[in-house]
Amino acid sequence: MKTSRSKHYNSSRSSLPFEDGMTSVKFHNEIETRPERAVLVGLITPQQDERKTNEYLDELEFLAETAGAETVKRFTQRAGGPHSVTYLGTGKLKEIRQYIEDEEDAERDIDMVIFDDELSAKQLRNIEAELKVKILDRTSLILDIFAMRAQTANAKTQVELAQYRYMLPRLQRLWTHLERQGGGSGGGGGKGSVGLRGPGETQLEMDRRIILNRMSLLKQRLADIDRQKTTQRSNRGRMVRVALVGYTNVGKSTLMNLLSKSEVFAENKLFATLDTTVRKVIIDNLPFLLSDTVGFIRKLPHDLVDSFKSTLDEVREADLLVHVVDISHPDFEDQIKVVEKTLSDLGCSETPTMLLFNKLDAYRWVEKDADDLTPATKENISLDELMKTWMARMNGDCFFISATERTNIDELKTLLYNKVRELHVQKYPYNDFLFQHYDEE
Ligand SMILES: Nc1nc2c(ncn2[C@@H]2O[C@H](COP(=O)(O)OP(=O)(O)OP(=O)(O)O)[C@@H](O)[C@H]2O)c(=O)[nH]1
Ligand SMILES: [Mg+2]
């Protein structure tokens, strides 16, 4: 007996949430407690080879897991690029539908299909019609995790604004087809419009207006928060500001806890940190401000970065950026590039930056046999070689530590001391530096 697929068919756009802390996607089914089962989909294109696509899907799986979903299958397709109407070719879409039906027959329902790229309203609508399960893309998944993680009023407001930004264009397109079915054209009264104005259109106008009002309220709220924060920042006294930045899950918060007396939340999940934490840190007689910020990720939607402007102010106004890298991650070089790109989008390319390679303890490499003549790949690079390469490339502006094993932490403190001291003297030449005895509070 086939179970009803419509049971799980729950369009994320069928009802509009207007309350604080809304989520466009609900992962936790109230009736069932089992984790939701997800299928992942990615494209292999001329710009993104198979290895890269698999790495992206690994990350997407980690994102899904963070959100509370279990990945049961991946589908990939080779294509010149995403299909404008269905993202995938129709054959592949049918294959996925068949898989979902077979799983249902075996009583292993699939709850959602997650696409690695942002889907347009048109693609979403068509895919949903074909697969009849919940469809997510990388952006809506990230937004969902952000909604789950947001703690402060600031973060909640920022996430909600980003969710509406994501939703608005999709909402519009969703209703367009209803409009056509109804034959009405709303504003101008096209042929046969009297009495035929579709309810969809009226609803769309209403929904749009409510969302736009809500968005301007949220923007207003953010502006108020911004003003408060600016005042707080200007009251902080004359201290150099250092920001920990980097890809998500590289160990920024762990390091923050190690260097300051804070106990910020750190765990092996993506986006553990959403709200910026700032702490005064004193090394020897030199106080400075250290901040821990939200991690970056590949394909981070621009709207999201935009919505998080006030959280990222701490990064934008920092005197020194400590770019933390997880050296044990197979894609760490790619992650460095993503972070550098995001920083330059934020207008921080001129800020003095140092690279801090973390998780030294977890670095693994495969030694090649002496008689193995195949060219060495990145898996064959020893830690020593890697360190030398990076130190040469960065002109010495990089450092290697393990935050959990506390390797090189004292050396890191000395390095930070020297860098901060240099910046302090530049920034506050007439300041009462150095403090003879700086009392820790
Ligand atoms: N093996 C190893 N694991 C580490 C090290 N430093 C941090 N971790 C682990 O990496 C995971 C992520 O650490 P966090 O400090 O939360 O990372 P983050 O950069 O703040 O992550 P987000 O806030 O999610 O962006 C945790 O499970 C840490 O225990 C390290 O030096 N070695
Ligand atoms: Mg963190």
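Helices (H or I, at least four residues) and strands (E, at least two) are DSSP runs, numbered from the N terminus. The model is predicted: local features need pLDDT of at least 70, side-chain atom pairs count only at pLDDT 80 or more, and totals for chains, interfaces and linings use all residues. Residues are numbered from 1 along each chain as its sequence is written, while chains are lettered from A and ligands numbered from 1 in the order in which they are written. The briefing covers two open sheets, one of four strands with parallel pairing and one of six strands with mixed pairing, then backbone outliers and the shell of ligand 1.

**Four-stranded sheet**

- The strand order is E2-E1-E3-E4, and the pairing is parallel; two strands pair if DSSP finds at least two bridges between them.
- Strand E2 (69-78) and strand E4 (134-137) form the edges, each pairing on one side only.
- From one strand to the next the twist averages 25 degrees.
- Nine bridges join strand E1 (residues 36-44) to E2 in the parallel sense, and Leu-43 stands opposite Gln-77 in E2.
- Helix H1 (residues 50-67) packs on this sheet, touching E1, E2 and strand E3 (112-115), and its direction makes about 155 degrees with that of E1.
- Axes here are lines fitted to C-alpha atoms, for helices over the stretch in contact, and angles run from 0 to 180 degrees between N-to-C directions; two residues are in contact if their C-beta atoms, placed from the backbone, lie within 7 Å.
- Helix H4 (residues 138-149) lies across E3 and E4 and runs at about 90 degrees to E4.

**Helices H1 and H3**

- At 1.5 Å a residue, the 18 residues of H1 should span 26 Å, and its end C-alpha atoms are 25 Å apart, which agrees; the expected span is 1.5 Å times one less than the number of residues.
- The buried residues of H1 are Tyr-56, Leu-57, Glu-59, Leu-60, Leu-63, Ala-64, Thr-66 and Ala-67.
- A residue is buried if 20 or more other C-beta atoms lie within 10 Å of its own, exposed if 12 or fewer, and partly exposed in between, with C-beta atoms placed from the backbone.
- An α-helix has 3.6 residues a turn, so residues three or four places apart point the same way.
- The buried residues of H1 pack against E1, E2, E3 and H4.
- Gly-68, just after H1, takes a positive phi of about 105 degrees.
- In helix H3 (residues 121-131), the residues Gln-123, Leu-124, Arg-125, Ile-127 and Leu-131 are buried.

**Six-stranded sheet**

- The order is E6-E7-E5-E8-E9-E10, with mixed pairing.
- E6 and E10 are the edge strands, and each pairs on one side only.
- Direction ignored, neighbouring strands of this sheet are turned by 25 degrees against each other on average.
- Helix H7 (residues 252-259) packs on the sheet and touches strand E5 (241-246), E6, E7, strand E8 (320-326) and strand E9 (353-358); its direction makes about 155 degrees with that of E7.
- Helix H12 (409-427) lies across E5, E6, E7, E8 and E10, running at about 105 degrees to E7.
- Strand E6 (residues 277-283) and strand E7 (residues 286-292) pair in the antiparallel sense over seven bridges.
- Ile-283 has Leu-286 in E7 as its bridge partner, and Val-278 stands opposite Ser-291 in E7.
- The hairpin of E6 and E7 has two residues between the strands, and in it Asp-284 takes a positive phi near 60 degrees.

**Positive phi outside glycine**

- Most residues other than glycine have a negative phi, and most peptide bonds are trans.
- Lys-132 is not a glycine, yet has a positive phi of about 55 degrees; Lys-132 sits in the loop between H3 and E4.
- Lys-132 is partly exposed, because 15 other C-beta atoms lie within 10 Å.
- Arg-406 also has a positive phi, near 60 degrees, and is found in the loop between strand E10 (398-400) and H12.
- Arg-406 is exposed, because 12 other C-beta atoms lie within 10 Å.

**Shell of ligand 1**

- Ligand 1 is surrounded by 23 residues, of which Gly-251, Ala-266, Asn-268, Thr-273 and Gly-295 are the closest; a residue is near a molecule if its C-beta atom, placed from the backbone, lies within 6 Å of it.
- Helix H7 supplies the largest share of this shell, three residues.
- By class, the shell has seven nonpolar, twelve polar and four charged residues; Ala, Val, Leu, Ile, Met, Phe, Trp, Tyr, Cys and Pro count as nonpolar, Asp, Glu, Lys and Arg as charged, and the others, Gly among them, as polar.
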